[in-house]
Amino acid sequence: MHSERVASRSADQRGSRDLRDSSRESSRDPRNGSPQLDAVSLAIIGQLQEDGRRPYAAIGKAVGLSEAAVRQRVQKLLDQGVMQIVAVTDPLTVGFRRQAMVGINVEGDTESVADALTGMSEVEYVVMTAGSFDLLAEIVCEDDDHLLDVINKRIRALPGVRSTESFVYLKLKKQTYMWGTR
């Protein structure tokens, strides 16, 4: 009985320490307001990039935290928008036979066009760029007719869109999200 109380108390103390530690895992970058992550949060992200289904207990063992502290940190990283945990599919196998990158030139406010693009379900990726295009948008569609509709009737119809250039994907050779952390 005594050993159970001692084990329970030490687990409670470890849990309290983990909770205190988790409050220090990130602060905000004064330049852009984005979260600054500590080494433990970066290690958790690395573990999940290797296997998004890895149990919290296994992650905790790898990074030196309790399962509860890992769960708390992961939730905070999700809430802050630092990461997402998703299933990455091959679009062809789930009914999307056409992908394209669309370069977009904008007159006026590039940000408002980028915001409008992010609201389109077919648009998977939007970046503001320097160079030949103001924006790049990756589009995933069911077929060529669907792609034409998205580009011609929705993207080109946005206020401020001056021109578009489409780069239709012929074959996807590599798609990975394993760039790690720095």
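The following is a conversation between a colleague and a modeller about how terms are applied to a predicted model.

Colleague: What makes up the chain, and in which pattern do its elements follow one another?

Modeller: The chain has 6 helices and 6 strands. Read along the sequence, these elements are arranged as α-β-β-α-α-α-β-α-β-β-α-β. Of the 182 residues, 30% count as buried.

Colleague: How do you know that Arg 98 is to be called buried or exposed?

Modeller: The relative accessibility of Arg 98 is 18%. Buried means under 20%, and therefore Arg 98 counts as buried.

Colleague: Why is Glu 50 called exposed?

Modeller: Glu 50 has a relative accessibility of 54%. Because exposed means over 50%, Glu 50 belongs to that class.

Colleague: What makes Val 88 partly exposed?

Modeller: Its relative accessible area is 48%. Partly exposed covers the values between the limits of 20% and 50%, so Val 88 is placed in that class. Val 88 is located in the loop between α4 (67–79) and β3 (98–106). Together with Val 86, Tyr 177 and Trp 179, Val 88 makes a nonpolar surface patch of about 440 Å².

Colleague: How do you know that Glu 50 and Arg 54 form a salt bridge?

Modeller: Their side chains meet at 3.3 Å, N to O. The cut-off for a salt bridge is within 4 Å, and therefore the pair of Glu 50 and Arg 54 qualifies. Of these two residues, Glu 50 is exposed, while Arg 54, at 21% relative accessibility, is partly exposed. Side chains of opposite charge can pair when their charged atoms come close.

Colleague: How many salt bridges are found in the whole structure?

Modeller: The search finds 6. One of them joins Arg 71 and Glu 67 at 2.9 Å, N to O. Both residues lie in helix α4, 4 residues apart, which is about one turn of the helix. Arg 71 has a relative accessibility of 40% and is partly exposed; Glu 67, at 38%, is also partly exposed.

Colleague: What makes the pair of Asp 144 and Arg 98 a salt bridge, and which parts does the pair tie together?

Modeller: The side chains meet at 2.5 Å, N to O, and since the cut-off is within 4 Å, the pair is a salt bridge. Asp 144 lies in helix α6 (residues 144–155) and Arg 98 in strand β3, so the pair ties together parts that are 46 residues apart in sequence. Asp 144 is partly exposed at 47% relative accessibility, whereas Arg 98 is buried.

Colleague: How do you know that β3 pairs with β6 and with β5?

Modeller: Two strands pair if there are at least two bridges between them. For β3 and β6 there are 7 bridges, and for β3 and β5 there are also 7 bridges; both pairs therefore meet the condition. β3 and β6 run antiparallel, and β3 pairs with β5 in the antiparallel sense. Within β3, Val 106 stands opposite Val 161 in β6, and Gly 103 stands opposite Glu 165 in β6. On the β5 side, Gln 99 stands opposite Val 140.

Colleague: Why are β4 and β6 called edge strands of the sheet?

Modeller: The open sheet has 4 strands in the order β4-β5-β3-β6, with antiparallel pairing. β4 (123–128) and β6 (161–168) each have a single partner strand, so one side of each is left without a neighbour in the sheet. From one strand to the next, the twist averages 20 degrees.

Colleague: Which helices pack on or lie across strands of this sheet?

Modeller: Helix α5 (residues 110–118) packs on the sheet and touches β3, β4, β5 (135–141) and β6. The direction of α5 makes about 165 degrees with that of β4. Helix α6 lies across β3, β5 and β6, and runs at about 140 degrees to β5.

Colleague: Why is β3 described as largely enclosed?

Modeller: 9 of the 9 residues of β3 are buried, so the strand is largely enclosed by the rest of the structure. Both of its faces are covered. On one side the buried residues are Arg 98, Ala 100, Val 102, Ile 104 and Val 106, and on the other they are Gln 99, Met 101, Gly 103 and Asn 105.

Notes:
Residues are numbered from 1 along each chain as its sequence is written. This is a predicted model: local features need pLDDT of at least 70, side-chain atom pairs count only at pLDDT 80 or more; totals for chains, interfaces and linings use all residues. Side-chain values use heavy atoms; hydrogens and water are left out. Helices (H or I, at least four residues) and strands (E, at least two) are DSSP runs, numbered from the N terminus. Buried means under 20% relative accessible area, exposed over 50%, partly exposed in between (1.4 Å probe, protein chains only). Patches are made of residues with over 30% relative accessible area and no salt bridge: like charges are joined within 9 Å, nonpolar side chains (Val, Leu, Ile, Met, Phe, Trp, Tyr) within 5 Å. Accessible areas come from the Shrake-Rupley method with a 1.4 Å probe; for residues, only the protein chains shown count as cover. Axes are lines fitted to C-alpha atoms, for helices over the stretch in contact, and angles run from 0 to 180 degrees between N-to-C directions. Contact means heavy atoms within 4.5 Å.
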